[in-house]
Amino acid sequence: MMMLRIRSRDGLERVTAEGAHITVSQLKTLIADQLQIPLHKQTLSTNRDLLLAKTPADLLAFTDLTDPNLPLSSLNLGHGSMLYLAYDGERSIPGAPPVTPAGSFGRKMTVDDLIARQMRVTRQETSHCDSVSFDRDAANAFQHYVNESLAFAVKRGGFMYGTVTEEGQVEVDFIYEPPQQGTEANLILMRDADEEKRVDAIAMGLGMRRVGFIFNQTVVQDKTEYTLSNAEVLQAAELHAESELKEWVTAVVKLEVNEDGGADVHFEAFQMSDMCIRLFKEEWFETEIMPDDDPKLSKMKKEVVVGVKDLKEVDNDFFLVLVRILDHQVRVFLSTLPLHQSSLFFVLMLCLGK
């Protein structure tokens with residue numbers, strides 16, 4: 001028996017096969033049977049960027065699983081592997097119960113029922129920023145510290161500073177790491193309002209502003225079941241809501257095992273969906289996370305509508321909107337001398353009295 005994980009706009013689902021050696025065509029048949037997505041509507045890939053495709057033309061770029069006779073084993077795909085699925089149209093989520101329409105005969109609607117029906121959690125397909133571009137030195141400095149010094153054993157985070165272009169592209173030029181305490185599962189920011197004001201002022205003088213939040217996940221986290229945990233969703237939503245910047249980006253750095261058994265550092269970028277920020281601002285989230293809570297689900301104080309279900313637990317993936325990642329080399333000038341990333345960090349520390 002083999003299980004494959006399928007991530008689509010509907011979140012994470014699974015399909016099972018009787019044997020370990022199946023072809024792309026057989027996998028698509030399994031998806032049609034088990035997830036009720038017609039064969040002709042499916043586009044599959046091992047590349048998660050498939051979920052960023054917005055037009056039929058974009059989908060044509062993902063060709064790694066277009067050969068129907070290709071064995072999955074030839075791509076080192078086996079039990080537990082992750083695949084990405086795009087499809088057009090609507091679907092009925094397997095196992096979803098029929099919904100009773102508001103005002104149906106025999107059902108008494110309360111005020112809470114009416115409010116909950118306005119809170120319909122759907123997947124947001126398009127982010128407010130076109131992409132996020134990291135200065136190579138800034139990104140490398142952050143990942144090098146959490147990799148070499150912390151060994152991805154504890155969490156570390158920082159605020160990203162840069163600019164937002166007229167086209168909606170976020171450019172990150174440096175990362176400010178506030179006083180903090182990280183553990184295997186949590187990141188506590190011990191924020192100093194005066195210090196942050198000084199950083200903001202320095203950034204403003206350089207033509208920059210705060211544009212996002214970056215943190216690393218640890219090697220002890222079981223990330224096979226989620227992209228961001230419920231605690232990470234809460235922290236990301238809080239900082240996004242505080243910023244009031246619609247292009248605000250949340251970036252995640254993680255260590256993943258590659259095909260050769262080694263470890264690679266990966267960056268991923270998201271925006272928290274508009275509904276996520278609304279739910280956070282209106283205090284729908286349960287902010288106390290208990291040890292037995294499922295990390296892939298965010299708990300609500302009241303029921304919300306997800307698909308055709310009234311739920312008080314929402315898959316975290318519904319709150320995430322993928323953002324393309326690019327890179328650039330920062331060019332900041334102080335007087336007549338070029339100010340590179342390391343120098344920029346040094347100037348920041350001097351101004352902050354470090």
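1. Two helices count as roughly perpendicular when the angle between them is 65 to 115 degrees. Keep that range in mind as you look at this predicted model. Helix α6 (residues 230–243) packs against helix α7 (residues 274–281) at an angle of about 85°, and their axes are 9 Å apart. The two helices are therefore roughly perpendicular to each other.

2. Which residues make this contact? From α6 come Val233, Leu234, Ala237, Glu238, His240 and Ala241, while α7 brings Cys276, Ile277, Phe280 and Lys281. Sorted by character, the residues of the contact are seven nonpolar, one polar and two charged.

3. Now turn to helix α5 (residues 193–205), which lets you try a small check. With 13 residues at 1.5 Å a residue, α5 should span 18 Å, and its end C-alpha atoms are indeed 18 Å apart, so the two values agree.

4. Helix α5 also has two sides worth finding on screen. Its buried residues are Glu195, Glu196, Val199, Ile202 and Ala203. Viewed down the helix axis, the buried residues fall within an arc of 120°, so they line one face of α5. The face turned away from that buried side carries Lys197, Met204 and Gly205, which are exposed.

5. Finally, have a look at threonine 250, which sits in strand β12 (residues 249–257). Is threonine 250 buried or exposed? Buried means under 20% relative accessible area; threonine 250 has a relative accessibility of 1%, so it counts as buried. Leaving aside residues up to four places away in sequence, threonine 250 touches Phe213, Phe215, Ala236, Glu268, Ala269, Phe270 and Met272.

Conventions: Residues are numbered from 1 along each chain as its sequence is written. This is a predicted model: local features need pLDDT of at least 70, side-chain atom pairs count only at pLDDT 80 or more; totals for chains, interfaces and linings use all residues. Side-chain values use heavy atoms; hydrogens and water are left out. Axes are lines fitted to C-alpha atoms, for helices over the stretch in contact, and angles run from 0 to 180 degrees between N-to-C directions. Helices (H or I, at least four residues) and strands (E, at least two) are DSSP runs, numbered from the N terminus. Angles under 35 degrees count as roughly parallel, over 145 as roughly antiparallel, 65 to 115 as roughly perpendicular and the rest as oblique. Contact means heavy atoms within 4.5 Å. Ala, Val, Leu, Ile, Met, Phe, Trp, Tyr, Cys and Pro count as nonpolar, Asp, Glu, Lys and Arg as charged, and the others, Gly among them, as polar. The expected span of a helix is 1.5 Å times one less than its number of residues. Buried means under 20% relative accessible area, exposed over 50%, partly exposed in between (1.4 Å probe, protein chains only). The arc is that of the directions from the helix axis to the C-beta atoms.
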